[in-house]
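Subject: Handover of a structure, with notes

Dear colleague,

I am passing on the structure below, and my notes follow it. Please read them with the model open beside you.

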Amino acid sequence: MALQSSGQISLNDIHVEAGGTSGTEAQINDADIRGLIGKSSGAQSLFSEFYGASAAITLKTYGKVIDTNGNNTSYSGSLSASVAAGDVIVIAKVTGFGAYARGSTTIQGISSTVLSHNVAWYNPIYGHTTFEKVTATTSASSISVSCSEGGSNRQGMYVFAWLIGGGATHDDTATSASTGTLTVDTGEDGAIVVGSAYTDDAYAMPNLNGTDFETTFNRDMHVWVGHLVQSGTAATASMTVATSGTNNRIWSFIKA
């Protein structure tokens, strides 16, 4: 169970969340306590940084950050969220017609790490599809994303974000013209699986493990995003598109 997101928080609360016994000795620099927010040994920590922290991997929130057909060189947006230091923020970013070169992205003001990047052309849509991530260094009340696309306008931008708590790392990826499949050993902490597809038919509804996510599908941009939460000792996550597509990708995130 995650720690509270506001109000008084004690070292004992944090110790119990990290797996310790209530009332036993603990220090804020203990490895299990630091691990809740991804701090290195000896690094300074504030109690407020532990708001929302969890010993298990959790999908804390998700949603659209940017969804526009505007013709611009830069885009920005935010999503209300309780972000804790150490949380992983993952985005699926799709841009419309514009320069061949991929633009740059910051999340929480931090230059993102690109997990995958592809260029696709489906008349009249041409654009880039990327998965990117950062690990939050401070707590915040929202997820903020800024995209700089250089000197050439992009005809539209779609960004969807997932906030993953519990100190996650990406595990594996799979991609295919029509179906992506990956197998993850979720272990006792579980896994979060996120996916995105870029299809030639705006009404072709892709899914993860047979579940559709129409509420997170942008028909104008021909892009779909979805997620599922896995638990147990082993699981297979598959993504299927109803008609031929491209740049379909699924990523799994497990406890670091």
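I begin with threonine 129, which counts as buried because its relative accessibility is 9%, where buried means under 20% relative accessible area, exposed means over 50% and partly exposed lies in between, with a 1.4 Å probe and protein chains only. Threonine 129 belongs to strand E7, which covers residues 125–135; helices (H or I, at least four residues) and strands (E, at least two) are DSSP runs, numbered from the N terminus. Setting aside residues up to four places away in sequence, threonine 129 touches Lys93, Val94, Ser116, His117, Asn118, Tyr198 and Asn247, a contact being heavy atoms within 4.5 Å.

Some words on the source are due here. This is a predicted model, in which local features need pLDDT of at least 70 and side-chain atom pairs count only at pLDDT 80 or more, while totals for chains, interfaces and linings use all residues. Residues are numbered from 1 along each chain as its sequence is written, and side-chain values use heavy atoms, with hydrogens and water left out.

For the protein as a whole, the secondary structure comes to 2 helices and 18 strands, and 49% of the 256 residues count as buried. Among contacts between residues at least 6 apart in sequence, 74% join residues at least 24 apart. The accessible surface comes to about 10800 Å², and carbon and sulfur atoms account for 47% of that surface; the areas come from the Shrake-Rupley method with a 1.4 Å probe, and for residues only the protein chains shown count as cover.

Threonine 129 also appears in the account of the empty space inside the model, since it is listed with Thr130, Phe131, Ser196 and Asn247 as lying nearest the centre of the largest cavity, which 13 residues line. A cavity here is a set of points, on a 1 Å grid over the protein atoms alone, where a 1.4 Å probe fits but cannot get out, and lining residues have an atom within 4 Å of a point. By this rule there is 1 cavity of 30 Å³ or more, and the volume of the largest is about 70 Å³; grid points are joined across faces, edges and corners, and the volume is the space filled by probe spheres set on the points. Strand E3 (88–95), strand E6 (113–122), E7, strand E12 (191–199) and strand E18 (245–255) each supply at least two residues of this lining. By class, the lining has 5 nonpolar, 6 polar and 2 charged residues, where Ala, Val, Leu, Ile, Met, Phe, Trp, Tyr, Cys and Pro count as nonpolar, Asp, Glu, Lys and Arg as charged, and the others, Gly among them, as polar.

The largest nonpolar core has 22 residues, of which Val90, Phe131, Tyr158, Trp162, Ile164, Val194 and Phe253 touch the most other members. Such a core is a set of buried Ala, Val, Leu, Ile, Met, Phe, Trp, Tyr and Cys residues joined through side-chain atoms within 4.5 Å. The elements giving two or more residues to this core are E3, E6, strand E9 (154–165), E12, strand E16 (223–230) and E18. Apart from this core lies another, of 18 residues, with Val134, Ala136, Val145 and Val159 among them.

Isoleucine 192, in strand E12, is buried, with a relative accessible area of 1%. Beyond its neighbours within four places in sequence, isoleucine 192 is in contact with residues including Ile57, Ile164, Leu228, Trp251 and Phe253. Although isoleucine 192 and phenylalanine 253 are 61 residues apart in sequence, their C-alpha atoms are 5.2 Å apart in space.

Glycine 42 lies in the loop between helix H2 (31–35) and strand E1 (58–72) and is exposed, with a relative accessible area of 61%. Leaving aside neighbours within four places in sequence, glycine 42 is in contact with Asn29 and Arg34. Arginine 34, in helix H2, counts as buried at 13% relative accessibility.

Lastly, you may wish to look at glutamine 108, in the loop between strand E4 (104–107) and strand E5 (110–111), where phi is near 55°, a positive value in a residue other than glycine.

With best wishes

Technical notes: On a 1 Å grid over the protein atoms alone, a cavity is a set of points where a 1.4 Å probe fits but cannot get out, and a pocket is an open set with protein on both sides within 12 Å along at least five of seven lines; lining residues have an atom within 4 Å of a point.
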